[in-house]
Amino acid sequence: MERLQKVIAHAGIASRRKAEELITEGKVKVNGQVVRELGTKVSSSDTIEVEGVKIEKEAKVYYLLYKPRGVISAVSDDHGRKTVVDLLPHVEQRIFPVGRLDYDTSGVLLLTNDGDFSNLLTHPRYNIDKTYVAKIKGSPRKEDLKKLERGIMLEDGKTAPAKVKVLSSNREQGKSIIAITIHEGRNRQVRRMFEAIGYPVLKLKREQFAFLGLQGLNAGESRTLTAHEVKQLRVLSETGKIG
Ligand code: URA
């Protein structure tokens, strides 16, 4: 469900502010009824008319981007930095990232113009596994990694149990590569988890979002999700499993 003024603005009919005016002036109908209340929520099955003209629904699109480092997960940036949307210039629809990866994090990032789908995948209630590969400073002890597996107290509360695997550890260079799977999506969560056990993250990449990886893509490249993948993601977020 989305706010009526947002849907009108996204359909390219008017700016958000102008859309609000149209609503309060009684020029907008939802399913044949005039709606004057700002903030009215509508879903994709509602019919919306603005000054007697039906809004054509934008086709829903779904992309998987291999986000490079040095790009922000947003649709625009006040400081003129490159955004993830800039990396898909051929897409006409108003896509936005599903959740976010830090500026310095690379890896799997989904983009869509489907707000309901995005909410499904980012809502903490739905447990989508995300696997990150972190290059960290130091060689963590087993008991430190166990803390991450059990859940560790951060300033915004205890993290849910994580799966952790040491992929390599080089004592001479003082660096290790660790795979960590979490299903929460708190701000800078992986970096803060490693920080909390005393091993700062030097480099971070999201290798996997649910069953989706980066196969066949170079950094900065994207592909469309298949209808089947979209369906599987929906099923997974609703039931916790596929098939
Ligand atoms: N955890 C982080 O610390 N950063 C990300 O970008 C994603 C998860």
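1. A polar contact is taken here as a pair of N or O atoms within 3.5 Å, and in this predicted model a polar backbone atom of R191 lies 2.9 Å from an oxygen atom of the ligand. A polar backbone atom of R188 is placed 3.3 Å from an oxygen atom of the ligand, while T105 brings a polar side-chain atom to 3.0 Å from a ligand oxygen. Of the 240 Å² that the ligand exposes when taken alone, the protein buries 96%.

2. The surroundings of the ligand comprise L101, D102, T105, Y132, R188, Q189, V190, R191 and L204.

3. The model contains one aromatic pair. The ring centres of Y62 and F117 are 4.9 Å apart and the ring planes stand at 75 degrees, so the pair is classed as edge-to-face, for which the planes must be over 60 degrees apart. This pair joins distant parts of the chain, since Y62 belongs to strand β7 (residues 62-67) and F117 to helix α3 (residues 115-122), with their positions 55 residues apart in sequence. Both Y62 and F117 are buried.

4. A charge is also placed over a ring, in that the charged end of R81 sits over the ring of Y103 at 5.3 Å from its centre.

5. S168 lies in strand β13 (residues 163-170) and, with a relative accessibility of 36%, counts as partly exposed. When its neighbours within four places in sequence are set aside, S168 is in contact with S176 and I177. The C-alpha atom of S168 is separated by 38 Å from that of G80, which is 88 residues away along the chain.

Methods. Residues numbered from 1 in each chain as written. Predicted model: local features only at pLDDT ≥ 70, side-chain atom pairs only at ≥ 80, totals over all residues. Heavy atoms only, no water. Phe/Tyr/Trp six-rings, centres within 6.5 Å; stacked < 30°, edge-to-face > 60°. Helix = DSSP H or I, 4+ residues; strand = E, 2+ residues; numbered from the N terminus. Buried < 20%, exposed > 50% of the residue type's maximum accessible area, 1.4 Å probe, protein only. Lys NZ or Arg CZ within 6 Å of the ring centre and 35° of its normal. Contact = heavy atoms within 4.5 Å. Near = heavy atom within 4 Å. Polar contact = N/O pair within 3.5 Å; in protein donor to acceptor, adjacent residues only side chain to side chain. Areas by Shrake-Rupley, 256 points an atom, 1.4 Å probe, with all protein chains shown as cover.
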